[in-house]
Amino acid sequence: MKLQLGKKLIIASLSATIALSGGLTALPTQTEAAISNAAFANKANKIIDLADNYMGRPYKLGAKTGNTSSFDCSSLVQFVYQKNGIKLARGARGQYENGKPIKRSQLKRGDLVFFSTTATLKYSKNSIKRIGHVGIYAGNNKVLHTFGEGGVKYSNMGSGWWDKHYVTAVRVIK
């Protein structure tokens, strides 16, 4: 009898502690997931909208960080993410290391996508050295980036050169 009463007191005490602490939260609710997805999409849209403001801005290899009169691929990415509260390294390979790798089939607007260049094709497909270019996934198989003629622009990564040179992607928006 005393043992059963002791168990009941322990269970009641644990139940009260759990209730007072906000309960068990092992899995997010559907509402929390929807809010998280909406916040992610909102941040991605702000990043892409800001980059859109620089459409046509000239490409310049080695453009200085913070300079908005011209960009190279990683300075554009670094600039627009930093303006939206996300600190990234300078350089495509460093930016890859700032994120969580994701599969191409998992891409969302705002993810970073990486490509090989003619100079980096000599490296193994699994090597970080294969990365030579970075852009922002804009949805619908489009990448927002800067490279060569035309400067900041959208390119189709679903076919052609960009599709063949796709290496990997990471998520940096949390």
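This passage describes the sheet, the nonpolar cores, the aromatic pairs and selected single residues of one structure.

The structure is a predicted model, in which local features need pLDDT of at least 70 and side-chain atom pairs count only at pLDDT 80 or more, while totals for chains, interfaces and linings use all residues. Residues are numbered from 1 along each chain as its sequence is written, and side-chain values use heavy atoms, with hydrogens and water left out.

Helices (DSSP runs of H or I, at least four residues) and strands (runs of E, at least two residues) are numbered from the N terminus. Six strands form an open sheet in the order 1-6-2-3-4-5, with antiparallel pairing; two strands count as paired if DSSP finds at least two bridges between them. The edges of the sheet are strand 1 (100-102) and strand 5 (152-156), each of which pairs on one side only. From one strand to the next, the twist averages 40°. In general, strands of a sheet pair through backbone hydrogen bonds, either parallel or antiparallel.

At one edge, strand 1 and strand 6 are joined in the antiparallel sense by three bridges, and Pro101 stands opposite Val170 of strand 6. Strand 6 is also joined to strand 2, which runs antiparallel to it, by four bridges. Five of the six residues of strand 6 are buried, so this strand is largely enclosed by the rest of the structure; buried means under 20% relative accessible area, exposed over 50% and partly exposed in between, with a 1.4 Å probe and protein chains only. At the other edge, five bridges hold strand 4 (residues 142-146) and strand 5 in an antiparallel pair, with Ser155 of strand 5 as the bridge partner of Val143.

Helix 3 lies across strand 2, strand 3, strand 4 and strand 5, and runs at about 50° to strand 3. Such angles run from 0 to 180 degrees between N-to-C directions, and the axes are lines fitted to C-alpha atoms, for helices over the stretch in contact. Contact means heavy atoms within 4.5 Å.

A nonpolar core is a set of buried Ala, Val, Leu, Ile, Met, Phe, Trp, Tyr and Cys residues joined through side-chain atoms within 4.5 Å. The largest core has 28 residues, of which Val80, Tyr81, Leu112 and Ile136 touch the most other members. Helix 2 (30-52), helix 3 (73-82), strand 2 and strand 3 (133-139) each supply at least two residues of this core. Residues up to four places away in sequence aside, Val80 touches Ile47, Leu50, Ala51 and Ile136. Apart from the largest core lies another, of ten residues, among them Leu107, Val113, Phe115 and Tyr137. In soluble globular proteins, nonpolar side chains tend to be buried together.

Nine aromatic pairs are found in the whole structure. Rings of Phe, Tyr and Trp (its six-membered ring) pair if their centres lie within 6.5 Å; planes under 30 degrees apart count as stacked, over 60 as edge-to-face and the rest as tilted. Phe115 and Tyr166 form an edge-to-face pair, at 6.0 Å centre to centre and 80° between the planes. This pair links distant parts of the chain, as Phe115 in strand 2 (residues 112-115) and Tyr166 in strand 6 (residues 166-171) are 51 residues apart. Tyr166 is also the bridge partner of Phe115. Phe115 is buried, at 0% relative accessibility, and Tyr166 is buried at 16%. The rings of Trp161 and Trp162, with centres 4.7 Å apart and planes at 75°, are likewise edge-to-face. Trp161 is partly exposed, at 36%, whereas Trp162 is buried, at 12%. These four residues belong to one aromatic cluster with Tyr59 and Phe147.

The charged end of Arg104 sits over the ring of Tyr166, 4.2 Å from the ring centre. This arrangement requires NZ of Lys or CZ of Arg within 6 Å of the ring centre and within 35 degrees of the ring normal. Lys108 is placed over the ring of Phe40 in this way, at 4.8 Å from its centre.

Two residues in the loop between strand 3 and strand 4 have a positive phi. Asn140 lies in this loop with phi near 50°, and is exposed at 73% relative accessible area. Asn141, in the loop as well, has a phi of about 60° and is partly exposed, at 35%. Most residues other than glycine have a negative phi.
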